[in-house]
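Colleague: I am new to this one. Please show it to me, and then I will ask how each term is justified.

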Amino acid sequence: MTISMSARNIPKIVLTRPLMPEIMSKFTQSSRPVNLVNWKEDKPAPREWLLENSKDADALLVMLSDKVDKELLDIAGSRLKAVSTMSVGYDHCDLAQLKQRGIKLSNTPDLLTSATAETAALLYLAATRRAAESIKFVERGEWPQVGWGPLLMAGQLSENKTLGFLGFGRIAQATMHRLAAFGIRNVIYTDSGRTDKAERDAELSHKYDINIKRVDLDALAHQSDAVILLAAMSPDMKHIVGRDFLQKMKKTAVVINVARGPLVDTDALNEAINEGIIAGAGLDVIEGEPHIDANHPVVKNDKIFLLPHIGSSTVETRYAMADLTVTNAIKGAFGEEMQAQVKL
């Protein structure tokens, strides 16, 4: 779909993946015409296509898989005013380069909270109740040979357990809200520690009848029955859950990642599970995604429940995200302030 306009003062917007028809119509129904250039296939736009079509763009509407770096910004040129990303995370964008050039960036926070919290709860229950092992056990035809056993696929009960969170913002709190019904009585968390959250924690403790406490990283590893990762990605956070962290965890504990793949050292996690250092994991994100084939060690590990980065994938959430990113792309192309604008 290309909306061609002869006058070059009409802003050019580059879209790297087609969206829902109702959302795409916002470009044509806008009271202000735009020149839309978009990738037409329902798969990631090739890097070459993005580079070729971004020249003289006023705004870019990108996905998490699109790298917004110096190379792209150089080619886009001085007309580029805004980048609207259909994601809450923006580690695929070079913030320093955007700031240097005065280019605005918007994302989609808040919209993903409920959907991602549901996925976190799903992964927690799948890991603690050994869902991946059980599914593969049935698929391999082993059930008839083994029958019923006193500890067949026995997992861990949630009652009176301690949940540990790396990052304790909106999504982590929404996850706690969903898991409180399973009898969780203790929540510990590690965050940046830049602000005092004692009053907030006291209010949440009273509301959910759960003990909530901020701890350091070592305590998080030692005390948690499940560590749920919901922290933002930054260079200093890469592999924060690595061999050293995993060795401090309980043998019955699990790791849940619904944040960013590189927070976890994948090789160290796989080895820790195979060596019985921890019990298992539930992952919605992983290093190297989406290039994870059937022969990947994590895919072949029965004790890891892996999803293909679908944390926010509900119809309601994805429509809301698409609607906001299009609105922001149009506003940004005209040099206006965007909703959910990232502070650079």
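Modeller: What follows goes through domains, their contact, and then the enclosed spaces.

Modeller: Keep in mind that this is a predicted model.

Colleague: What makes 12-111 + 316-342 one domain?

Modeller: The domain assignment gives those two stretches together as domain 1, and 113-306 as domain 2. The bounds come from an automatic or database assignment, so the label rests on that. The C-alpha centres of domain 1 and domain 2 lie 33 Å apart.

Colleague: How many residues does each domain give to the contact?

Modeller: Domain 1 gives 7 residues and domain 2 gives 5. The area buried between domain 1 and domain 2 is about 520 Å², with carbon and sulfur atoms giving 41% of that area.

Colleague: Why is the pair Arg170 and Asp110 called a salt bridge?

Modeller: The side chains of Arg170 and Asp110 meet at 2.8 Å, N to O. The cut-off is 4 Å between a side-chain nitrogen of Lys or Arg and a carboxyl oxygen of Asp or Glu, so the pair of Arg170 and Asp110 qualifies.

Colleague: Which counts describe the polar side of the interface between domain 1 and domain 2?

Modeller: The count between domain 1 and domain 2 is 2 salt bridges. Across this interface the rule also finds 3 residue pairs in polar contact, with both residues at pLDDT 80 or more. By class, the side of domain 1 that touches domain 2 has 3 nonpolar, 2 polar and 2 charged residues.

Colleague: Why do Lys251 and Lys303 count among the charged residues of the second largest pocket?

Modeller: Both Lys251 and Lys303 line that pocket, and Lys is in the charged class, so they are counted there. The lining of the second largest pocket divides into 4 nonpolar, 4 polar and 4 charged residues. The space in this pocket is about 160 Å³.

Colleague: How do you know that the largest cavity belongs in the count of cavities?

Modeller: The count takes cavities of 30 Å³ or more, and there are 2. The largest cavity holds about 90 Å³ of space. Its lining includes Tyr124, Lys161, Leu163 and Asp225, and the whole lining divides into 5 nonpolar, 3 polar and 2 charged residues.

Colleague: What is the volume of the second largest cavity?

Modeller: The volume of the second largest cavity is about 60 Å³. Of its 13 lining residues, Ala126, Ala127, Arg130, Ala132 and Lys303 are the closest to its centre.

Definitions and conventions:
Residues numbered from 1 in each chain as written. Predicted model: local features only at pLDDT ≥ 70, side-chain atom pairs only at ≥ 80, totals over all residues. Heavy atoms only, no water. Contact = heavy atoms within 4.5 Å. Buried area = accessible area lost by both parts, 1.4 Å probe. Polar contact = N/O pair within 3.5 Å; in protein donor to acceptor, adjacent residues only side chain to side chain. 1 Å grid on protein atoms, 1.4 Å probe; cavity = no way out; pocket = protein on both sides within 12 Å on 5 of 7 lines; lining within 4 Å. Points joined across faces, edges and corners; volume = space filled by probe spheres on them.
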